[in-house]
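Here are two short exercises to work through with the model open in your viewer. Try each one before you read its solution.

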Amino acid sequence: MTSRNPRDSRLRLVSPRSLATAPRAVTQRRTRRPAPRPPEGTPPPAELARMARTGLSDAARVARWADAALRPGRDGANPDGKGTLSDATAERAAADLGLTPVQVRADWDTARLAGLIEVHGGDARPGWRLRAWSRDDSAVLRGWVALFDAWSLAYPEPADREPAAVAEVVSAMPQVLSFLQLSAGPVPVDQLLDLLGQRVTELRTERCEISYGPHPGTDPAPEPAEVPDTPLAPLLDWALEALASVGALTCGDGQATLTALGSWAVWVKLEQICVAAQSPAGNIEQSAEDMLRGCAQLRPNAARAEYRAWLAARTVGGAVTELIAAARGEDALTRGLAFEALRVVGAPAEPDVRAVVEETPLRPYALLWLAEHDGYDPEDAHEVLTRAESTWLWVDTAAAVADHGEAPLLVRHLESAVQPTVPALLDEVRAVGHPRTVQVLVALAAAHPDPALAKAVRRAAFQVHTGGS
């Protein structure tokens, strides 16, 4: 016997999650690919993280001081858009920490390069890595790799050298570092200088676009101007000193040796290059939308590897613009996956994500992204959403499941609603005005095994369709 009245079916309260969880629900299980292993002898991640914490302890100390002492409304970073410290603040920090102002500024710059301090406009604030510094080894290692990537900014370049020559050396150093990593031991600096010279010559040759042979009807091309030869030895010394200053290598007795952290970081970079050269699922040359659709059939870890490969082959700005455009489309699953890819981008995507907060379809996703970027635990990030925003996200996720998943998954999705009862859910779903509301409710009614609940859902779908109450 069934009741003619809608049942007040209790829903299990589950923290609402973003559409990021949808791929797990709507895709089939795939075999995991084995993760590449670092070279033999590389310390475990926990030991590498301990080394990184030790090397960045001074920078973390200044960042924590700034977090405690430079609250909003107080004098802090100089509002010049560069995140530099004012003289007064540097002296204050030096007095509090027992350092000199010069040391404070150096540690502040290191903290910025490692992501312990982030600059937004003219304001500096603690980075998410500082929040996770004591408990998350991966955050620590990412911070150290960010500093390693910025080695040429961490140590002043020679003032008496041509900027073009400095740029050539910076471009050539990855090959030098790769040679050091493969050597797995001390390498004479003279040998590194020869390698640097060869690589700089290759870079100059690659840039020289001279036609071979005369073209009919045109004057012979003029001979290229001679480029003054800049001695590379002083620039190599500078590069090695800069890398030593960030803890990537050691120099002594005319030899250079990568540290354990430096060797691991170079290996990580080589793996990224390999991933970029051939993405795991072959989506690297696709548009953002097509790449995301290809990733819909992958498990989360495999999808993130694909995002990294796709991003590595593009400029950050262009990739973020493409992902935002894909998120504006009609496919709710693509929308959620686009913001998952933006999570892989990280801090550089913040201005673009913040810019779409007022766009209704993207607002819940953008707010969750920003909350996690600001240090919220992903399980708690939903707390930044209003009830209406959570309901909109619930409908959008249901649309993704209805389009790409199976009926039982849509029924289980009912459990993630913030409303405690089905009638309350239906009332609020109707109120938020999501354009897919009718289709979602019809699909849910067709999938649900409870006849009375299915009838109530169908009635709600009809009322939304006709504009009735």
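**Exercise 1: helix 4 and its end**

Just after helix 4, glycine 98 has a positive phi of about 70°. Keep in mind that this is a predicted model.

Task: work out which residues of helix 4 (residues 87–97) are buried, and how they are arranged around the helix axis.

Solution.
- Step 1: pick out residues under 20% relative accessible area. In helix 4 that gives you Thr89, Ala90, Ala93, Ala94 and Leu97.
- Step 2: look down the axis of helix 4. The buried residues fall within an arc of 135°, so they line one face of the helix.
- Step 3: turn to the other side, where Asp87, Ala88, Glu91 and Ala95 are exposed.
- Step 4: check what the buried residues of helix 4 pack against. The partners are helix 3 and helix 5.

**Exercise 2: a pocket**

Task: describe the second largest pocket, from its volume to the residues that line it.

Solution.
- Step 1: start with the space, which comes to about 500 Å³ in the second largest pocket.
- Step 2: go through the lining, made up of 24 residues; Thr110, Leu147, Ala154, Ser245 and Val246 are the closest to the pocket's centre.
- Step 3: sort by element. Two or more lining residues come from each of helix 2 (45–55), helix 3 (57–69), helix 5 (101–113), helix 7 (137–149) and helix 8 (151–154). Helix 5 gives the most, with 6 residues.
- Step 4: sort by chemistry, and the lining splits into 13 nonpolar, 6 polar and 5 charged residues.

Key:
Residues are numbered from 1 along each chain as its sequence is written. This is a predicted model: local features need pLDDT of at least 70, side-chain atom pairs count only at pLDDT 80 or more; totals for chains, interfaces and linings use all residues. Side-chain values use heavy atoms; hydrogens and water are left out. On a 1 Å grid over the protein atoms alone, a cavity is a set of points where a 1.4 Å probe fits but cannot get out, and a pocket is an open set with protein on both sides within 12 Å along at least five of seven lines; lining residues have an atom within 4 Å of a point. Grid points are joined across faces, edges and corners, and a volume is the space filled by probe spheres set on the points. Helices (H or I, at least four residues) and strands (E, at least two) are DSSP runs, numbered from the N terminus. Ala, Val, Leu, Ile, Met, Phe, Trp, Tyr, Cys and Pro count as nonpolar, Asp, Glu, Lys and Arg as charged, and the others, Gly among them, as polar. Buried means under 20% relative accessible area, exposed over 50%, partly exposed in between (1.4 Å probe, protein chains only). The arc is that of the directions from the helix axis to the C-beta atoms. Contact means heavy atoms within 4.5 Å.
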